[in-house]
Amino acid sequence: MPTLLSFLESRAPTELNAVFGAIKDASIIVSAEVNRAGLGADIYGAKGTENVQGEQQHKLDVYADEVFAEAFRKSGQIVGLASEEVDDALFFEENAESDYVIMIDPLDGSSNIDVNVAIGTIFAIYKRRSPIGGPVSEDDFLQPGNEMVAAGYVSYSVSTQMVFSVGEGLHIFTLDPKHGDYHLVSENVRIPSDGKVYSINEVNYDDFDQNLQEFVQYCRDKRKGDGTRKYTGRYIGSLVADFHRNLLKGGIYVYPSTVEAPKGKLRLLYECNPMSFLVEQAGGYGTDGVTRTLDIVPTELHQRCPFFVGSPVMMDEVMKG
Ligand code: P6P
């Protein structure tokens, strides 16, 4: 089974290959630390600091952010980084001649770390807009998802898997920790057109607009020919885990506008856009409930948006509102 970089050799330019090499190296370090959570270094629990969203940072959040940032700086191919954990975008001056910027959620779902539930790293890669040789500007990061050149996530779960696309299909690799490399397990993965899973936090049901309430009620009521339920609810509380299950089995994930999160909870640049890029590569699509996610023109680095993503038949059902 080909390794990650041997697979990418014929599919991506050398410079992009080096970006994935940095993601590979950093994710292997983070995976080892995640798998030791609770042992040795004190990495459980809150760090006592807040990120730009005003959310409690977990020790492993901050650790993962530092590991990925250092790997991107050393890659020589990434000139700028926007991270959920850092207020402003970072400029890697030593890489001023390089062409790629990356946006990342270093460890999504980190509240699950202390209860041993799957968590993940999510990333989106773009070509810079600012002139090569100079500093990055916010414009380099406020690009619509249509401009993305690659995206992916690393799921730290039963195994550590990297799911990514460079624009020619979606592929899944599994980390072999013994050999410190990722090996191809599924190539050109397609999301089932329909599914039986809807992933949404129903505690917010009363906040949902009428269309979404009707969709949830439709999922609760729908029966198959034999009278058994067509849909079931599954909500892990970790976007990467819910998305990955829906990608393989079919389903829809929704985080809508709520009273507590009027613009939605998930961030456009490093959660909704990369997941929408990936699902479109697999035959599904993502929206903010109205607009295709990748068409949205960002205005702020950490802006949030409502998020609907998954199998086309289920997306069509919720979007027909
Ligand atoms: P709630 C994790 O914090 C996250 O960003 C996603 O991974 C997850 O799907 C969602 O928030 C869970 O949020 O409000 O339902 O607990």
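Hi everyone. Let me start with a cut-off: a residue counts as buried when its relative accessible area is under 20%, as exposed when that area is over 50%, and as partly exposed in between. Lys-24 has a relative accessible area of 12%, so Lys-24 is buried. One thing to keep in mind throughout is that we are looking at a predicted model.

Let's stay with Lys-24 for a moment. Which residue does Lys-24 form a salt bridge with? The partner is Asp-25, and the closest N and O atoms of the two are 3.4 Å apart. Asp-25 has a relative accessibility of 42%, so this residue counts as partly exposed. That gives us a bridge with a buried lysine and a partly exposed aspartate.

How many salt bridges does the structure hold? There are 15, and as a general reminder, side chains of opposite charge can pair when their charged atoms come close. Let me show you a couple more.

Please look at helix 3. Arg-73 and Glu-70 sit three residues apart in this helix, about one turn, and their side chains form a salt bridge with an N to O distance of 2.5 Å. Arg-73 is partly exposed at 29% relative accessibility, and Glu-70 is partly exposed too, at 32%.

Then there is Arg-292, which bridges to Asp-295 with 2.6 Å between the closest N and O atoms. Arg-292 has a relative accessible area of 29% and is partly exposed, while Asp-295, at 38%, is also partly exposed. Elsewhere, salt bridges with shared partners link Arg-11, Glu-168 and Glu-187 into one network.

Now for the rings. A search of the whole structure turns up 12 aromatic pairs. One of them takes us back to helix 3: the ring centres of Phe-68 and Phe-72 are 6.0 Å apart and the planes meet at 45°, so we call this pair tilted. Helix 3 covers residues 59-75, and the two phenylalanines are four residues apart in it, about one turn. Are Phe-68 and Phe-72 buried or exposed? Both are buried.

Another tilted pair is Phe-164 with Phe-173, at 5.5 Å centre to centre and 35° between the planes. These two residues are buried as well. They also belong to an aromatic cluster, together with Phe-7, Phe-20 and Phe-123.

Phe-7 brings us back to a residue you have already met. The charged end of Arg-11 sits over the ring of Phe-7, 3.7 Å from the ring centre, and Arg-11 is also part of the salt-bridge network with Glu-168 and Glu-187. Over at Tyr-205, Arg-220 lies over the face of the ring, 4.8 Å from its centre.

Finally, let's step back to the domains. The domain assignment gives domain 1 as 4-186 and domain 2 as 197-319. Their centres, taken over C-alpha atoms, are separated by 23 Å. Domain 1 brings 49 residues to the contact and domain 2 brings 32. Between them the two domains bury about 2,900 Å², with 62% of that on carbon and sulfur atoms.

How many salt bridges does the rule find across the interface of domain 1 and domain 2? It finds one. I'd also like to point out Glu-84 and Arg-267, whose side chains meet in a salt bridge at 2.8 Å, N to O.

That's my tour, and thanks for listening!

Terms used
Residues numbered from 1 in each chain as written. Predicted model: local features only at pLDDT ≥ 70, side-chain atom pairs only at ≥ 80, totals over all residues. Heavy atoms only, no water. Phe/Tyr/Trp six-rings, centres within 6.5 Å; stacked < 30°, edge-to-face > 60°. Buried < 20%, exposed > 50% of the residue type's maximum accessible area, 1.4 Å probe, protein only. Lys NZ or Arg CZ within 6 Å of the ring centre and 35° of its normal. Domains from an automatic or database assignment. Contact = heavy atoms within 4.5 Å. Buried area = accessible area lost by both parts, 1.4 Å probe. Salt bridge = Lys/Arg side-chain N within 4 Å of Asp/Glu carboxyl O.
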